[in-house]
Amino acid sequence: KINTGVGTDLITMTRWVLDQQRKVQDASGDLTILLTAIQFGCKFVASKVKQAGLINLLGLTGSSNVQGEDVKKLDVLANDIFKNALVASGKCCFLVSEEDERVMVIEDPSFRGKYIVTFDPLDGSSNIDCGVSIGTIFGIFKVHDDHAPGSKDIIRSGRDLVAAGYCMYGSYVELIVSVGTGLHGFTLDPAIGEFILTHPSIRIPSRGKIYSINEGNYKYFDEPTKKYVDSVKTKYSARYVGSMVADVHRTVLYGGIFGYPADSKSKNGKLRILYEVFPMAYLVEQAGGRASTGKQDALDITPRHIHDRSGVWLGSADDVADLEAFYRA
Ligand code: AHG
Ligand code: MN
Ligand code: MN
Ligand code: MN
């Protein structure tokens, strides 16, 4: 180990992923290549997010998406960047994106692989034009053994996730990822264009002092949610960015609880199961936290359609347990 006193033994994300691959018996290296493609997508989007105001990339496209939301230029750009990177990796057979109504099927046998990636290319779109942190969220599933991949490979339990992550485009750019061996964070060094391991084996505190929820929806909350919010309001600080990636990242590092519960205005909540709830629930559990609808573990939900939504609370185990107690009372 050469030690000139200067950090010369940097652990890039690429090196870390290869280390993970080495630990897996006769690994094919496919997940390594897939994660490298996702990493490239995050670097590319990060560079466009930083320039957005300078290269006419802010604002609306003038169209709306399957969610009924106004689509921002960066939503479309990020979606195209990730679809191109994922197809080019040659490791995917289906792609599910928030911005695409239908599943993207990779037909070309020379580019088809065994993974399904569900992703939210640009999370927190309402914060793009004002320069507040936004992000990308992804989940990775593997097709079932048989040779006829189909909807059963896509509409499935969150327990089947083999990997997930998010990239936060904030005051620093951080890629948080898990392949089932804990939660790890990589900070982008733009000078060398590499994500460097800065947060190995993240563990979320068992209890925090921050609650994060859009209280503008208070009048729509059900009784358990109202009673819980009233209880934490007396002892915790409130922090709500409005970008799930930013609110989750703060919760994972500082502890506390984030919630977007189902309410009388959004019967199934707002967050989409396959590319927001599942990946974030998986990641928080990998850090020793919990994710729940209030009545069941979030990862145990089974969606019926690719854009199905669910209420979710996630964060420090003790805080989520406190919330669940109000649903049992
Ligand atoms: P997206 O921008 O990908 O559509 O997701 C936005 C989501 C999520 O990022 C955030 O937690 C939530 O919307 C905020 O919703 P409200 O503005 O209703 O609080
Ligand atoms: Mn959206
Ligand atoms: Mn989102
Ligand atoms: Mn989005």
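Where in the chain is the place of Pro-261? I'll start there and then walk over to the metals; keep in mind that this is a predicted model.

1. Pro-261. You'll find Pro-261 in the loop that runs between strand 13 (257–260) and helix 6 (273–286). Its relative accessible area is 5%, under the 20% cut-off, so Pro-261 counts as buried. Leaving aside residues up to four places away in sequence, Pro-261 touches Ile-213, Phe-221, Thr-225, Gly-269, Gly-311, Val-312 and Trp-313. Val-173 is another story: 88 residues separate Val-173 and Pro-261 along the chain, and their C-alpha atoms are 28 Å apart.

2. The overall build. If you're tracing the fold, expect 7 helices and 15 strands. The radius of gyration comes out at 19 Å, close to the 20 Å that the globule rule gives for 329 residues, so the chain is as compact as a globular protein of that length. Along the principal axes, the C-alpha trace spans about 50 × 50 × 45 Å.

3. Inside and outside. Of the 329 residues, 53% count as buried. The chain exposes about 14400 Å², and carbon and sulfur atoms supply 53% of that area. As for contacts between residues at least 6 apart in sequence, 63% of them join residues at least 24 apart.

4. Charges. There are 37 positive and 39 negative side chains, and the centres of these two sets lie 3 Å from each other.

5. The manganese ion (ligand 2). Which residues are its protein donors? They are Glu-69 and Glu-98, each through OE, at 2.0 to 2.1 Å from the ion. Glu-69 sits in the loop between strand 1 (60–64) and strand 2 (70–72), and Glu-98 in the loop between strand 3 (92–97) and strand 4 (104–105), so this pair ties together parts that are 29 residues apart in sequence. The two glutamates are worth checking for exposure: Glu-69 is partly exposed, with a relative accessible area of 24%, whereas Glu-98 counts as buried at 3%.

6. The manganese ion (ligand 3). Here the protein donors are Asp-120 (OD), Asp-123 (OD) and Glu-276 (OE), lying 1.9 to 2.1 Å from the ion. Read along the chain, these donors follow the spacing D-x2-D-x152-E. Both Asp-120 and Asp-123 are buried. From this ion to the manganese ion (ligand 2), the separation is 5.4 Å.

7. The manganese ion (ligand 4). What coordinates this one? Glu-98 (OE), Asp-120 (OD) and Leu-122 (O) do, at 2.0 to 2.2 Å. Their spacing along the chain is E-x21-D-x1-L. Glu-98 lies in the loop between strand 3 and strand 4, while Leu-122 belongs to strand 5 (residues 112–123), so the pair ties together parts that are 24 residues apart in sequence. Leu-122 is buried, with a relative accessible area of 1%.

8. Shared donors. Glu-98 deserves another look, as this residue bridges the manganese ion (ligand 4) and the manganese ion (ligand 2), which lie 3.6 Å apart. Asp-120 also turns up in two places: among the donors of the manganese ion (ligand 3) and among those of the manganese ion (ligand 4).

Key
Residues are numbered from 1 along each chain as its sequence is written. Chains are lettered from A and ligands numbered from 1 in the order in which they are written. This is a predicted model: local features need pLDDT of at least 70, side-chain atom pairs count only at pLDDT 80 or more; totals for chains, interfaces and linings use all residues. Side-chain values use heavy atoms; hydrogens and water are left out. Helices (H or I, at least four residues) and strands (E, at least two) are DSSP runs, numbered from the N terminus. The radius of gyration is taken over C-alpha atoms; the globule rule is 2.2 Å times the number of residues to the power 0.38. Buried means under 20% relative accessible area, exposed over 50%, partly exposed in between (1.4 Å probe, protein chains only). Contact means heavy atoms within 4.5 Å. Accessible areas come from the Shrake-Rupley method with a 1.4 Å probe; for residues, only the protein chains shown count as cover. Lys and Arg count as positive and Asp and Glu as negative; His and the chain ends are not counted. The place of a charge is taken as NZ of Lys, CZ of Arg, CG of Asp or CD of Glu. Donors are N, O and S atoms within 2.8 Å of the metal (3.2 Å for Na, K and Ca); water is not among the atoms, so sites may look incomplete.
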